[in-house]
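Biologist: I should like to learn how to read a structural model. May we go through some of its features in turn?

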Amino acid sequence: MNPLLSDSVINHDSRIIVALDFPDEKSTLNFVRNLNPNLCRLKVGKELFTASGRSLVEKLMTQGFDIFLDLKYHDIPNTVAAACRTAAEMGIWITDMHTMGGRRMMEAAANAVANYRNRPKLIGVTVLTSMEEGDLAEIGINRPINEMVLHLAQMAQQSGLDGTVSSAQEAKILRQKMGDSFLLVTPGIRLVSLNDDQRRTMTPIEAIRAGASYLVIGRPITRAENPLDVLVQINQSIM
Ligand code: C5P
């Protein structure tokens, strides 16, 4: 057994979700070989799913990993409900949709998976963390971002969704307003301040203290010289 994986660092309910932003199956499986399902869950997003699809997701699940299928559905209720039903049949752990698809879309999705044993948790994207108030104004939404995020999170909860994916910087207010059982999945996590495309970042411990349920972490782990070391360190920092 790898000495890094002593009992003190194995966390059978890890709150870290590693974002597998890789272009193909080969590089993904090569990377995942060094991980351990006791230390993290995995996120498959649009790039990797478009390239390698369901068969890769199933390979990752066979290795024991919980999968967050991050395809951010935004379509008519019937189509999103059918996609969520397929995710339930695959045994997906979490999947997501844009809350701006509206109440009827979210209700249809929640109803579609309600009767599955171990159904996927459904979470809603509120306002993309890449958007600023000017971007919202341009599409005709003239409300402060925080107010809009809270409004959409409340709609998601009323429609039967389990939580939201949002910036860790919104976690504190969402945790206060939405209650303890609402899932808050937060990307934009940085171990130190980096000069990359993420702007509204937090460290793992800051995000957990703010009320995040799970942390989505990509490049700080995927581009590390020793990803397993970093994963172990982050797990220890949030225990
Ligand atoms: O590499 P990094 O840690 O920035 O990766 C963050 C991951 O979270 C990426 O897969 C990105 O697509 C995703 N994400 C995000 N912001 C959102 C929703 C998802 O960064 N609002």
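Modeller: We shall discuss one loop residue and then the ligand site. This is a predicted model, in which local features need pLDDT of at least 70, side-chain atom pairs count only at pLDDT 80 or more, and totals for chains, interfaces and linings use all residues. Residues are numbered from 1 along each chain as its sequence is written, and side-chain values use heavy atoms, with hydrogens and water left out.

Biologist: Is D162 buried or exposed?

Modeller: Buried means under 20% relative accessible area, exposed over 50%, and partly exposed in between, with a 1.4 Å probe and protein chains only. D162 has a relative accessible area of 18% and is therefore buried.

Biologist: With which side chain does D162 form a polar contact?

Modeller: A polar contact is a pair of N or O atoms within 3.5 Å; within protein, one must be able to donate a hydrogen and the other to accept it, and residues adjacent in sequence count only if both atoms are side-chain atoms. The side chain of D162 makes such a contact, of 2.8 Å, with that of R119.

Biologist: Which residues come nearest to the ligand?

Modeller: A residue is near a molecule if one of its heavy atoms lies within 4 Å of it. Of the 13 residues around the ligand, the nearest are D21, K43, R190, G218 and R219. Polar side-chain atoms of R190 and of R219 each lie 2.7 Å from a ligand oxygen atom. For G218, a polar backbone atom is 2.8 Å from an oxygen atom of the ligand.
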